[in-house]
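Let's take a walk through this one, a helix at a time, and look at the odd backbone spots on the way. Keep the viewer open as you read.

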Amino acid sequence: MIYTTKKYSYINGFSFENFVVDPNNELAYAAARSVSQSPATRFNPLAICGGSGLGKTHLIKSIGNYLIHEKPSYKILNITAEQFVTEFFYSIRTNSFRSFKKNHLNVDLLIMDDISFLENKEETQKELLQIFKTLYENKK
């Protein structure tokens, strides 16, 4: 799904303002804020790791929400790793791989949640790496 200001505002209430910062997550919070204020500069890519319920999803969605409001022309793709895998294999089965690739490369910011889902999915990992490499080279 690509976020635009016309469709969304503060998706599910995820914002930096309502994130609870503590000593265990202050570095991740600071990095996420930095990414939101200067995308594709520092921390590109930004990977936030930690246990369940520690705010990883909140932080990455806050980045997208911040940019929706600050840079309305930004194209943001927010997807779970499971959705990525499903779309990838569907595109292969239906001969729509070009469209899949175009949809994932035609963004300014790619936000992927639950990336650990890609463990042991080598073909999908390779494709994501190619997409990431292209986005990175284009300063996305």
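Start with helix H1, residues 26-37: its twelve residues reach 16 Å from the first C-alpha to the last, close to the 16 Å expected at 1.5 Å a residue. Bear in mind that you're looking at a predicted model. Which residues of H1 are buried? They are Ala31, Ala32, Arg33, Ser34, Val35 and Ser36, and what they pack against is helix H2, residues 56-70.

Zoom in on serine 36, which belongs to H1. Its relative accessible area is just 1%, and since anything under 20% is called buried, serine 36 is buried. What does its side chain reach? The backbone oxygen of arginine 33, at 2.7 Å. Setting aside residues up to four places away in sequence, serine 36 also touches Phe16, Ile63, Tyr66 and Leu67.

Now pick up Ile63 from that list and look from its side. Not counting neighbours within four places in sequence, isoleucine 63 is in contact with Phe16, Ala32, Val35, Ser36, Leu46 and Leu109. Ile63 is also part of the largest nonpolar core, a set of 14 residues. Along with Leu59, Leu67, Ile76 and Leu109, Ile63 is listed among those with the most contacts inside this core. Which elements give two or more residues to this core? H1, H2 and strand E3 (109-113) do, and H2 gives the most, with five residues. Apart from this core lies another one, of 13 residues, with Ala81, Val85, Ile131 and Leu135 among them.

Between H1 and H2, have a look at the loop, where you'll find proline 45. The peptide bond leading into proline 45 from asparagine 44 is cis, with omega near 10°. That's worth a second glance, because most peptide bonds are trans.

Next up is the pairing of H3 (residues 81-93) with helix H4 (residues 97-105). How do their axes meet? They come within 7 Å and cross at roughly 145°. On the H3 side the contact is made by Phe84, Glu87, Phe88, Ser91 and Ile92, and on the H4 side by Phe97, Phe100 and His104. By type, the residues of this contact split into five nonpolar, two polar and one charged.

While you're on H3, find phenylalanine 89, which lies in that helix. Is it buried, exposed or something in between? With a relative accessible area of 37%, phenylalanine 89 falls between the 20% and 50% cut-offs, so it counts as partly exposed. Phenylalanine 89 and aspartate 113 are 24 residues apart in sequence, and their C-alpha atoms are 18 Å apart in space.

Finish with two asparagines and their backbone angles. Asparagine 95 sits in the loop between H3 and H4, and its phi is near 55°, a positive value in a residue other than glycine. Asparagine 120 is found in the loop between E3 and helix H5 (122-137), and its phi, near 65°, is positive too. Why flag these values? Because most residues other than glycine have a negative phi. As for exposure, asparagine 95 has a relative accessible area of 76%, which is over 50%, so it is exposed. At 71% relative accessibility, asparagine 120 counts as exposed by that cut-off.

Methods
Residues numbered from 1 in each chain as written. Predicted model: local features only at pLDDT ≥ 70, side-chain atom pairs only at ≥ 80, totals over all residues. Heavy atoms only, no water. Helix = DSSP H or I, 4+ residues; strand = E, 2+ residues; numbered from the N terminus. Expected span 1.5 Å × (residues − 1). Buried < 20%, exposed > 50% of the residue type's maximum accessible area, 1.4 Å probe, protein only. Contact = heavy atoms within 4.5 Å. Polar contact = N/O pair within 3.5 Å; in protein donor to acceptor, adjacent residues only side chain to side chain. Core = buried A, V, L, I, M, F, W, Y, C linked by side-chain atoms within 4.5 Å. Axes fitted to C-alpha atoms, helices over the stretch in contact; angles between N-to-C directions. Nonpolar A, V, L, I, M, F, W, Y, C, P; charged D, E, K, R; others polar.
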